[in-house]
Amino acid sequence: MGYELALHWQLPDSISNAIRWHHSPELAEEGLLEVALIHIAAVMADCMVWDDDINCMAERISSHAWQITGLDLTACREAEGEVGGEIRELFGILMGHSSNA
């Protein structure tokens, strides 16, 4: 559905493709880096917010995405250490689960 909306809204192809293929980055034919980065970011966010366990990334991030981006699990764990708390706090505010809401 997101891809169809991106097309309807005439978003750039790089954004549309990232939306379309971020769950299966190995299927993308264009915008490979953008798709792979969005894939990794989406998995990281899911692991931080829903699983509350950044370690779930290892099994869920496509090896194709690691290869395309040149990133690795260590880099993602470092990023999570820097911004993970803020992401969880923002999610809590958006979902109405925060005392700051």
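**Surface and overall form**

I began with the accessible surface of the protein chain in this predicted model, which comes to about 6,600 Å². Carbon and sulfur atoms account for 54% of that area. I then looked up burial and found that buried residues make up 31% of the 101 residues in the chain. For overall dimensions I took the C-alpha atoms along the principal axes, and they fill a box of roughly 40 × 35 × 20 Å.

**Secondary structure and contacts**

I counted six helices and zero strands in the protein chain. Read along the sequence, the pattern is α-α-α-α-α-α. I next considered contacts between residues at least 6 apart in sequence; of these, 36% join residues at least 24 apart.

**Nonpolar patch**

I looked for nonpolar area on the surface and noted a patch of about 610 Å². Its members are Met1, Leu5, Trp9, Leu11, Ile15 and Ile19. I followed up Ile15, which I placed in helix H2, residues 13-21. Is Ile15 buried, exposed or partly exposed? Its relative accessible area is 38%, so I recorded Ile15 as partly exposed, the class between 20% and 50%.

**Ala6**

I located Ala6 in helix H1, which spans residues 2-8. Its relative accessibility is 1%, and I therefore entered Ala6 as buried, the limit being under 20%. Which residues does Ala6 touch beyond its neighbours within four places in sequence? I found contacts with Leu11, Ser16 and Ile19. Two of these partners, Leu11 and Ile19, I had already listed in the nonpolar patch. I also checked Ala6 against Glu78, 72 residues further along the chain, and noted a C-alpha separation of 32 Å.

**Cysteines**

How many disulfides does a search of the whole structure find? I obtained one. Cys47 and Cys56 form it, with their sulfur atoms 1.8 Å apart. I computed a torsion of about -130° about the S-S bond of Cys47 and Cys56, so I entered the disulfide as left-handed. Both Cys47 and Cys56 are buried. I then turned to Cys76, which is in no disulfide. The nearest cysteine sulfur to that of Cys76 belongs to Cys47 and is 10 Å away; a disulfide requires the two sulfur atoms to lie within 2.5 Å, so this pair does not qualify. Cys76 has a relative accessibility of 3%, and I therefore recorded Cys76 as buried.

Methods: Residues numbered from 1 in each chain as written. Predicted model: local features only at pLDDT ≥ 70, side-chain atom pairs only at ≥ 80, totals over all residues. Heavy atoms only, no water. Patch = residues over 30% accessible without salt bridge, like charges linked within 9 Å, V, L, I, M, F, W, Y side chains within 5 Å. Areas by Shrake-Rupley, 256 points an atom, 1.4 Å probe, with all protein chains shown as cover. Salt bridge = Lys/Arg side-chain N within 4 Å of Asp/Glu carboxyl O. Helix = DSSP H or I, 4+ residues; strand = E, 2+ residues; numbered from the N terminus. Buried < 20%, exposed > 50% of the residue type's maximum accessible area, 1.4 Å probe, protein only. Contact = heavy atoms within 4.5 Å.
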